[in-house]
Amino acid sequence: MPKTGQLAHRIVGAAAHSSAVTRLLQRLSVSAESDKGPVEGTFELAVVFPLRPQKRSGKREINNVETAGVCASGRRDMNALGGKTAVITGGSSGIGLATARRFAAEGAHIYIVGRRQAELEKARASLGKDVTAVQADVTSATDLDRLVHTVSSQSGAIDVIVACAGFVERATLSSASPEHFDKTFDLNARGTFFTVQKLLPLMRDGGSIVLLSSGMSCLGIPGYGAYAATKAAIRSFSRTWAAELKGRGIRVNTLSPGPVDTPMIDSGTKTKEQADAVRAMYVAMTPLGRLGRPEEIASAALFLASNESSFSTGIDVVADGGVTQL
Ligand SMILES: NC(=O)c1ccc[n+]([C@@H]2O[C@H](COP(=O)([O-])OP(=O)(O)OC[C@H]3O[C@@H](n4cnc5c(N)ncnc54)[C@H](OP(=O)(O)O)[C@@H]3O)[C@@H](O)[C@H]2O)c1
């Protein structure tokens with residue numbers, strides 16, 4: 001009988017030439033043995049090798065990066081958030097939506113939160129049945145109370161918060177108005193603070209809180225003074241809250257994306273030409289020479305939300321194409 005590593009190699013070779021990959025994997029895995037006994041049925045997920053995302057059993061998308069990880073180790077938990085409940089603010093668009101999609105694929109029940117009902121509905125319809133959409137403005141205490149009530153009455157408790165709702169508006173020091181400053185801090189800093197405060201009583205011990213900061217928090221890019229400062233505040237929240245909540249085993253970390261191609265770039269500019277110019281500026285300043293994809297940030301969010309990061313608290317995970325590091 002083949003050992004795990006031999007089996008993986010055989011399957012890889014066969015899969016590259018076969019369109020009936022799933023049947024082949026099931027047959028081979030049944031007869032395989034590892035050094036510690038029979039290979040688990042989930043080993044069948046290991047090899048899906050075509051160069052574009054593949055669907056398995058019509059539900060879960062597996063990409064090549066994950067697949068490679070499974071081949072190397074012979075096993076990979078594809079249910080990293082099974083049985084967990086997660087609240088994702090800003091879950092109707094961009095990074096939050098990609099995170100909701102990834103978390104749902106990893107077995108979580110998701111609450112997505114945003115202000116625009118139509119966007120929420122569209123997102124919910126695209127995400128599947130384990131998703132509840134809650135229309136709420138995270139700058140409103142009343143809305144946050146309603147969110148807490150909804151989650152509490154439907155799920156009782158939560159395991160993960162991803163505070164992703166955010167907003168950017170460019171204004172230099174000389175041109176910024178008090179309204180610009182207040183609006184930016186109200187959503188990004190204050191909104192994040194009270195989202196977590198209000199949801200905290202629902203959190204199970206051992207939960208994970210992920211706050212969306214930004215590479216901007218440690219860069220000096222003209223026009224982003226207020227925005228970058230809110231993201232630095234969020235970075236600071238994670239350190240303090242990690243210390244405050246460690247006794248309950250609740251981990252608090254930030255995730256700092258670099259430039260990611262989302263609707264935020266368009267909503268943060270007034271014309272298509274301006275949005276194109278901002279995209280071009282970001283590409284030029286990013287060592288990897290491109291914008292990030294929301295799905296790439298969702299992968300980092302999954303790491304922080306799941307037990308994959310069980311020994312990490314108070315840290316900042318950077319996913320920025322090298323923009324703050326090189
Ligand atoms: N894109 C990037 O390059 C980048 C880089 C670094 C960090 N980030 C951070 O990542 C997070 C997500 O950004 P994104 O690019 O995915 O933006 P996005 O596509 O514009 O999504 C923003 C989300 O936040 C929601 N939202 C905005 N204001 C809200 C409010 N007051 N209450 C509740 N929900 C609200 C939006 O829904 P509604 O408008 O319907 O409320 C939407 O779902 C933000 O915190 C952002 O600062 C983004």
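**Exercise 1.** In this predicted model, work out which residues of helix 7 meet helix 8, and how the two helices are oriented.

*Solution.* Start with the contacts. On the helix 7 side, look for His180, Phe181, Thr184, Phe185, Asn188, Ala189, Thr192, Phe193 and Val196. Their partners in helix 8 are Ala226, Tyr227, Thr230, Lys231, Ala233, Ile234, Phe237 and Trp241. Next, the geometry: the two axes come within 9 Å and cross at roughly 20 degrees. Angles under 35 degrees count as roughly parallel, so helix 7 is roughly parallel to helix 8. Last, the handedness: helix 7 passes helix 8 in a right-handed crossing.

**Exercise 2.** Now do the job again for helix 6 and helix 7: at what angle do they pack, and through which residues?

*Solution.* Fit the axes and you get about 35 degrees, with 10 Å between them. This crossing is right-handed. Helix 6 brings Ala141, Leu144, Asp145 and Val148 to the contact, while helix 7 brings Phe194, Thr195, Lys198 and Leu199.

**Exercise 3.** Find where helix 7 bends, and compare its reach with the expected span.

*Solution.* Helix 7 covers residues 178-199, 22 in total. From first C-alpha to last it reaches 29 Å, close to the 32 Å expected. The bend sits at Gly191 and comes to about 40 degrees.

**Exercise 4.** Which residues of helix 7 are buried, and what do they pack against?

*Solution.* The buried ones are Thr184, Asn188, Ala189, Gly191, Thr192, Thr195, Val196 and Leu199. Besides helix 6 and helix 8, these buried residues pack against strand 5 (85-89), strand 8 (158-163) and strand 9 (203-212).

Conventions:
Residues are numbered from 1 along each chain as its sequence is written. This is a predicted model: local features need pLDDT of at least 70, side-chain atom pairs count only at pLDDT 80 or more; totals for chains, interfaces and linings use all residues. Helices (H or I, at least four residues) and strands (E, at least two) are DSSP runs, numbered from the N terminus. The expected span of a helix is 1.5 Å times one less than its number of residues. The bend at a residue is the angle between axes fitted to the seven residues ending there and the seven starting there. A residue is buried if 20 or more other C-beta atoms lie within 10 Å of its own, exposed if 12 or fewer, and partly exposed in between; C-beta atoms are placed from the backbone. Two residues are in contact if their C-beta atoms, placed from the backbone, lie within 7 Å. Axes are lines fitted to C-alpha atoms, for helices over the stretch in contact, and angles run from 0 to 180 degrees between N-to-C directions. Angles under 35 degrees count as roughly parallel, over 145 as roughly antiparallel, 65 to 115 as roughly perpendicular and the rest as oblique. A crossing is left-handed if the near helix is turned anticlockwise from the far one by less than a right angle, and right-handed if clockwise.
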